[in-house]
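Here are my notes on the structure you sent, written as numbered points. Please read them with the sequence and the structure open.

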Amino acid sequence: MPLPSRRTRTSARALRIVGTLAVALVVLLSAGAVVAVREGRAAGFLPERSWGPWTDARIEGWSTHVRVNTWGDAAQADIHFGKAEDLTLNANGKTARATSMMRPTVFTLTPDGRLTARRLSTP
């Protein structure tokens, strides 16, 4: 029975090292994806079924619709002032803010779905 050549042993070792590195890379990338989803940074990649129902309210004369993601730290808000102005906020892991142009109001949406409004004084 012939003995394995030195070249065969070296290539088998190289294949094992490459395989181990590939598995480690897949594990690290998967862990990074899980962290990104949990922190809300990848909310655009979350499936529709992970979002809770829209809740409706009126704030400072504005019609608001807010929903919170059940998988990660993210919330979305659609804000309307009739047909005159529409705002959209996405709080993906951090607080989002927008200012309306028509009636100067600053809207703040937190990742837990809390929407607040503050009227700006007109000069």
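1. Start with Phe107. Leaving out residues up to four places away in sequence, Phe107 touches Trp62, Ile79, Leu87, Leu89, Ala96, Arg97, Ala98, Ser100, Leu115, Thr116 and Ala117. These contacts come from a predicted model, and the points below should be read with that in mind.

2. Where is Phe107, and is Phe107 buried or exposed? The residue lies in strand S6. Its relative accessible area is 0%, so Phe107 is buried; the cut-off for that word is under 20%. The C-alpha atom of Phe107 is separated by 4.5 Å from that of Ala117, although the two residues are 10 apart along the chain.

3. Phe107 also belongs to the largest nonpolar core, which has 15 residues. Ile79, Leu89, Phe107, Leu109 and Leu115 are the residues with the most contacts inside this core. At least two core residues come from each of the strands S2 (62-68), S3 (74-81), S4 (85-92), S5 (96-99) and S6 (105-109). Which strand gives the most to this core? That is S3, with 4 residues. As general background, nonpolar side chains in soluble globular proteins tend to be buried together.

4. Next, the aromatic residues. The count of aromatic pairs comes to 2. In one of them, the ring centres of Trp62 and Phe81 are 5.0 Å apart and the planes stand at 50°, so this pair is tilted. Because Trp62 lies in strand S2 and Phe81 in strand S3, the pair ties together parts that are 19 residues apart in sequence. Both Trp62 and Phe81 are buried.

5. Trp62 and Phe107 also form an aromatic pair, and this one is edge-to-face, with 5.2 Å from centre to centre and 80° between the planes. Trp62 in strand S2 and Phe107 in strand S6 are 45 residues apart, and the pair links these distant parts of the chain. Trp62 has 0% relative accessibility and therefore counts as buried. Taken together, Trp62, Phe81 and Phe107 make up one aromatic cluster.

6. Ser100 deserves its own point, as a contact of Phe107. Ser100 is found in the loop between S5 and S6. With 2% relative accessibility, Ser100 counts as buried. What does the side chain of Ser100 reach? It reaches the backbone oxygen of Arg103, at 2.4 Å. Not counting residues up to four places away in sequence, Ser100 touches Trp62, Glu85, Leu87, Thr105 and Phe107. Two of the names in that list, Trp62 and Phe107, also belong to the aromatic cluster.

7. Now the sheet that holds Phe107. In what order do the 3 strands of the open sheet stand? The order is S5-S6-S7, and the pairing is antiparallel. S5 and strand S7 (115-119) are the edge strands, each pairing on one side only. From one strand to the next, the twist averages 15°. Between S5 and S6 there are 4 bridges, and Ala98 stands opposite Phe107 in S6.

8. Thr108 is in strand S6 as well. Its relative accessibility is 15%, so Thr108 counts as buried. Leaving out residues up to four places away in sequence, Thr108 touches Thr95, Ala96, Arg97, Arg114, Leu115 and Thr116. Ala96, Arg97, Leu115 and Thr116 also appear among the contacts of Phe107.

9. The last point is the pairing of S1, S2 and S3. Strand S1 (residues 55-59) runs antiparallel to S2, and 5 bridges join the two. One bridge pairs Thr55 with Val66 in S2. S1 and S2 form a hairpin with 2 residues between them, and Glu60 in the turn has a positive phi of about 50°. S2 also pairs with S3 in the antiparallel sense, over 6 bridges, and the bridge partner of Ser63 in S3 is His80. Here the hairpin runs through 5 residues. S2 and S3 are also the strands that carry Trp62 and Phe81, the tilted pair of point 4.

Key. Residues are numbered from 1 along each chain as its sequence is written. This is a predicted model: local features need pLDDT of at least 70, side-chain atom pairs count only at pLDDT 80 or more; totals for chains, interfaces and linings use all residues. Side-chain values use heavy atoms; hydrogens and water are left out. A nonpolar core is a set of buried Ala, Val, Leu, Ile, Met, Phe, Trp, Tyr and Cys residues joined through side-chain atoms within 4.5 Å. Buried means under 20% relative accessible area, exposed over 50%, partly exposed in between (1.4 Å probe, protein chains only). Two strands pair if DSSP finds at least two bridges between them. Axes are lines fitted to C-alpha atoms, for helices over the stretch in contact, and angles run from 0 to 180 degrees between N-to-C directions. A polar contact is a pair of N or O atoms within 3.5 Å; within protein, one must be able to donate a hydrogen and the other to accept it, and residues adjacent in sequence count only if both atoms are side-chain atoms. Contact means heavy atoms within 4.5 Å. Rings of Phe, Tyr and Trp (its six-membered ring) pair if their centres lie within 6.5 Å; planes under 30 degrees apart count as stacked, over 60 as edge-to-face and the rest as tilted.
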